[in-house]
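Reader: I have a model open on my screen and would like to walk through it with you. Could we take it piece by piece?

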Amino acid sequence: MKQLTISIAAYHVEKYLPETLDCFLIPEVKEQLEVLIINDGSGEGINEIAREYEKKCPEVFRLIDKENGGHGSTVNRGIEEATGRYFKTVDGDDLVSSEGLAELVAYLETAEEDLVVTDYTCFDDATKEIIGEGKHEFSGKEYRKTYAFEEICDKVYINMHAAAYRTELLKNMGRRLDEHCFYVDAEYNLYPIPFVKTVAFLEKPVYSYRLGMSTQSMDIRNMQKNCAHHEMVLTHLLNFYQEVKEHVSAEKRAYLAKGTARILTSQYKIYLSYLPAEEHKNQIRAWEKRVREEYPEVYKSVSNPAVKMLRCSGYLLYPLASGMCRKAYHCD
């Protein structure tokens, strides 16, 4: 049995895909690794690259050519097709550390945890320099120790780049990510949590996330353009939280509230990135009223200083907050 399935979301990433796929040409783990190259309806360019790697290493690479459905659809399809004991997603324009990946695969040979977490790095697309790290540090942390999820969930937040879930858990969780929609990584971060009982952390970073491309969905101008997608994901996460909150432990409930609050804060960032206008101020106030009344734990879990400042001022400081946001993201 394969130990790890890597699901590659490949949509118009011909320029980057060969470098991404080269990361998985690791002789010592090829028998335990499955790499699904999921062409999300972007044409023959991706297929031609994928077929070269299928020929080069057929025991590792497999092309799945599908109609366009967005990032969520590639993850959904990857989960359906996966044969590895564990599952990890990688975007077709990002990289992984071969050393870190080899360590992860070796660990998975005997792993029984529901979730295995690795640190990650961010690098600048233009300079290739490392410009950030995603770490999961907390007091008393022990690598390779099996923790109950409730022991650590108030200490760290685990996102898509860090996670390797047990595949069976994902197949059986009864939820699919939204399709034809951006920002579904937030769903992937939270939907499995009710089923995660155990977690372990490894030493070496695996994922390396490429930053600085104007085409990225997290670029503020693209977030403005896709604001409705972000609102939809936020709505679905609030509904999810409401549905499961009585069926999970208090610790998981707080974790889900905090994770949803992060997306709520991100929604406010979009509104603040526009030039100040009553329309956008009222959008923030409408969300605040709804979340405060219907999802009080999510409301109280917002920790962003700018949002707290807005609340304390009765939204009188909205023009200042908007100016600070637009300056930070170079929106003017």
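Reader: Which residues of strand 7 point one way, and which the other way?

Author: Happy to start there, keeping in mind that this is a predicted model. In a regular strand the side chains alternate between the two faces of the sheet. Here, Thr121 and Phe123 go one way, while the opposite direction is taken by Tyr120, Cys122 and Asp124.

Reader: How many of the residues of strand 7 are buried?

Author: Buried here means under 20% relative accessible area. Strand 7 covers residues 120–124 and is largely enclosed by the rest of the structure, because the count of buried residues is five of the five.

Reader: Which strand pairs with strand 7 in the parallel sense?

Author: Strands of a sheet pair through backbone hydrogen bonds, either parallel or antiparallel. Strand 8 (residues 130–134) runs antiparallel to strand 7, joined by four bridges, and the two form a hairpin with five residues between them. The parallel pairing, over five bridges, is with strand 12 (residues 207–211).

Reader: What stands opposite Thr121 in strand 12?

Author: Cys122 has its bridge partner in strand 8, namely Gly132. For Thr121, the residue opposite in strand 12 is Ser208.

Reader: Which are the edge strands of the open sheet of eight strands?

Author: The sheet has mixed pairing and the order 3-2-1-4-10-6-11-9. An edge strand pairs on one side only, and that holds for strand 3 (61–66) and strand 9 (147–148).

Reader: Which residue in strand 11 does Tyr147 stand opposite?

Author: Strand 9 pairs with strand 11 (residues 198–201) in the antiparallel sense, over two bridges. Opposite Tyr147 in strand 11 is Val199.

Reader: Why do the buried residues of helix 9 line one face?

Author: An α-helix has 3.6 residues a turn, so residues three or four places apart point the same way. The buried residues of helix 9 include His230, Val233, Leu234, Leu237 and Tyr241. They line one face because, seen down the axis of helix 9, its buried residues fall within an arc of 160°.

Reader: And which helix gives the most to the largest nonpolar core?

Author: In soluble globular proteins, nonpolar side chains tend to be buried together. This core has 110 residues, and Leu101 is among those that touch the most other members. Leu101 touches, among others, Leu4, Phe24, Leu33 and Val206. With 10 residues, the helix that gives the most to the core is helix 10 (residues 250–272).

Definitions and conventions: Residues are numbered from 1 along each chain as its sequence is written. This is a predicted model: local features need pLDDT of at least 70, side-chain atom pairs count only at pLDDT 80 or more; totals for chains, interfaces and linings use all residues. Side-chain values use heavy atoms; hydrogens and water are left out. A nonpolar core is a set of buried Ala, Val, Leu, Ile, Met, Phe, Trp, Tyr and Cys residues joined through side-chain atoms within 4.5 Å. Buried means under 20% relative accessible area, exposed over 50%, partly exposed in between (1.4 Å probe, protein chains only). Contact means heavy atoms within 4.5 Å. The arc is that of the directions from the helix axis to the C-beta atoms. Two strands pair if DSSP finds at least two bridges between them.
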